[in-house]
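Good morning, colleagues. Please turn to the structure on the screen, and I shall guide you through a few of its parts.

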Amino acid sequence: MSIAALIRGGINLPARRRKGLTPAATPAPDPVTALRPGDTHITLRDVTKHYAAATGNVQALSGIDFSVARGEIFGIIGRSGAGKSTLLRTFNALEAVSSGQVLVNGIDVGTLDEAGLVALRRRIGMIFQHFNLLSAKTVRENISLPLRVAGVPPERIRARVDDLLALVGLTDKADVYPAKLSGGQKQRVGIARALVHEPDILLCDEATSALDPETTQSILALLRQVSQAMGLTVVLITHDMAVIREICDRVLVLDQGRAVELGEVWRVFGQPQADATRALLSPLLHGVPADLAARLVDDLHDGAGQALVNLHVDGSAAGQGLPLSVLTQLGPQAVLVHGGLDRIRGHSQGELLFLLPAQDLARVRQAFEDGQHAVQIKVIAYVPA
Amino acid sequence: MSLPELDKYVLAFFQTLLMVGSSAVLAILLGLALAVVLTVTARHHLYPRPRLNRALSVTVNVFRAVPFIIMLVALLPVTRWLVGTTLGTWAAVVPLTVNLLPFYARIAQVSLNEVDGGLVEAARAMGCRRWHIVRHVLLPEALPGIVGGMTVSVIAMINASAMAGAVGAGGLGDLAIRYGYERYETRVMFEVIVILIALVSVIQFTGEAIARRLDHRR
């Protein structure tokens, strides 16, 4: 089933439901036509959120300011408790902000009444870590529910759900209950349900965190496919840097309720500025293998032995990858012991560990001094002869 | 067993069925409604009304604390006003309903509270209004527990209906008390108990089977 057909077969919302997006007080521009592709889609202005908890006032978000462009895949990453979930839930007003504004299509979601919120949420799909499918309803009934509560006629619901089942590859599972599905299949149902209203925003709350790596890849591929085909703006939160690397255009790093870093993914990965970012990246970095680490010393007393050097490729170089001519500057004695490069949106970056004769070190350092090809060299330790 | 003697059992059986059946329908419908109100008016739920919630909760506790035999007597004026008499099978329906309603409401409330908050959140995120969430999420997801609670309640009600003999309601329990206990006809008492055991077993079995059919959680 083609995605074009899916979009053609989509359900046009009656005009009265779009009207609900108008804020209660002041008239606002028509949310559907106010912004053209490439424009700002979601804007947060100085958003803060605090709760009154048993332990006192908890500051969940403070001074968050950023925009998400229409059609981009935007990642929010942070450790657990950093405020990612809270932040994501302010977008569809599942969480109210304490101060500041969340603008979706230029409309402050905080000013919407219940009818306005219902209309807003029908334009914003959401998927969850634990899928949140209704156990008492079949796959078809689960996907149908958003349309059913919106009063769409049954025959149009049926056709639309058939299209979505085909899109997510679950046509043969229409009449089974979610308990009979695998995790990946459940998330596909979740995605179909989130897309059934033809939203223009998709929020993903740790959507792959409960899945195995292979299933994660297939769900990410599906998200990428539907976001391109439907022109969706996708905002996803995760604690897994690999997910960000796989799918996102830009990433926001959240630490203790503050935005500590924001930028294109390759830039944030190649030249992380904040400590929180580095900590999140560390599982992806190639550390020193344990057998080698056991033999390392801080210094060579007699000058005989090898140096363990780290070549950091930050991805800012123009062109393709890392030329071997750069590596030849390490000399014929250099041994590549560990590491690799990742290619993120056309930028190659990573860490390579080499062992070189200690006497070559001065020459090699000089050769790399110019920072050519965005390679930085650093001596980690020494291995005595 | 002679025919008139058999009549005695049949009459008592149908009296029990009538008493328990009609009070059960009333207590379960009203109790379920009360359970929904108790659930959704709680803090952080769909329609938070903490003060109303506390008042209802206290009322439920008061009614649950009063022993049935006392309620039977205390409710006499209400029964007279509602049914027109304080004697007979129908007169027992009022106290039985009032006794079981808060009991069932608590059981149903537990099932409603156990519905995963993530499902409610997902429903809100997909653009459900609050009453949609009650209808499409809370009630269907809690249904196996709601049905299981009905089984427990109906059986408790059969038990309580034995005391309804005090208002001349008849029924199996009353038969056992009058013949078996007061007239030392142990045989009648045993026979009635066997009938009660059969009745309770059938209800329990049926209730469990229905609850299992409705449960798609695994």
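How far apart should the ends of helix 7 of chain A be, given its 13 residues? The model before you is a predicted one, and helix 7 comprises residues 183–195 of chain A. At 1.5 Å a residue, helix 7 should span 18 Å, and its end C-alpha atoms are indeed 18 Å apart, so the two values agree.

Let us stay with this helix and consider its surroundings. Of its 13 residues, 10 are buried, so helix 7 of chain A is largely enclosed by the rest of the structure. The buried residues are Gly184(A), Gln187(A), Arg188(A), Val189(A), Gly190(A), Ile191(A), Ala192(A), Arg193(A), Ala194(A) and Leu195(A). What covers these residues? From chain A, the cover includes strand 6 (124–128), helix 5 (139–149), helix 6 (154–168), strand 7 (201–205) and helix 8 (213–230). Chain B takes part as well, through its helix 6 (117–125).

For context, chain A as a whole holds 14 helices and 14 strands. Of its 385 residues, 51% count as buried. Among contacts in chain A between residues at least 6 apart in sequence, 73% join residues at least 24 apart.

I turn now to the enclosed spaces. There are 5 cavities of 30 Å³ or more, and the largest cavity holds about 110 Å³ of space. Its lining consists of 15 residues, and those closest to the centre are Gly125(A), Arg193(A), Ala194(A), Ala125(B) and Met126(B). Helix 7 of chain A appears again here: together with helix 4 and strand 6 of chain A and helix 6 of chain B, it gives two or more residues to this lining. Strand 6 of chain A gives the most, with 4 residues. By class, the lining of the largest cavity divides into 9 nonpolar, 3 polar and 3 charged residues.

Next, the pockets. The largest pocket has a volume of about 880 Å³. It is lined by 32 residues, and Ala93(A), Leu94(A), Glu95(A), Arg121(A) and Arg124(B) are the closest to its centre. At least two lining residues come from each of strand 4 (99–104) and helix 4 (114–122) of chain A, and likewise from each of helix 5 (89–113), helix 6 and helix 7 (130–161) of chain B. The lining of the largest pocket has 15 nonpolar, 8 polar and 9 charged residues.

The second largest pocket, with a volume of about 400 Å³, has 19 lining residues; nearest its centre lie Leu133(A), Ser135(A), Leu119(B), Glu141(B) and Arg217(B). Helix 7 of chain B supplies the largest share of this lining, namely 4 residues.

Finally, I should like to present two individual residues. Is Asp205(A), in strand 7 of chain A, buried or exposed? Its relative accessibility is 7%, and the limit for a buried residue is under 20%, so Asp205(A) counts as buried. Its side chain forms a polar contact of 2.6 Å with that of Arg89(A). Beyond its sequence neighbours up to four places away, Asp205(A) also touches residues including Ser85(A), Phe128(A) and Ile237(A).

The second residue is Thr277(A), in helix 11 (residues 275–281) of chain A. Thr277(A) is buried, with a relative accessible area of 0%. A polar contact of 2.7 Å joins its side chain to that of Glu261(A). Leaving aside neighbours within four places in sequence, Thr277(A) is in contact with Met241(A), Val253(A), Glu261(A), Val268(A) and Pro272(A).

Technical notes:
Residues numbered from 1 in each chain as written. Chains lettered and ligands numbered in written order. Predicted model: local features only at pLDDT ≥ 70, side-chain atom pairs only at ≥ 80, totals over all residues. Heavy atoms only, no water. Expected span 1.5 Å × (residues − 1). Buried < 20%, exposed > 50% of the residue type's maximum accessible area, 1.4 Å probe, protein only. Contact = heavy atoms within 4.5 Å. 1 Å grid on protein atoms, 1.4 Å probe; cavity = no way out; pocket = protein on both sides within 12 Å on 5 of 7 lines; lining within 4 Å. Points joined across faces, edges and corners; volume = space filled by probe spheres on them. Nonpolar A, V, L, I, M, F, W, Y, C, P; charged D, E, K, R; others polar. Polar contact = N/O pair within 3.5 Å; in protein donor to acceptor, adjacent residues only side chain to side chain.
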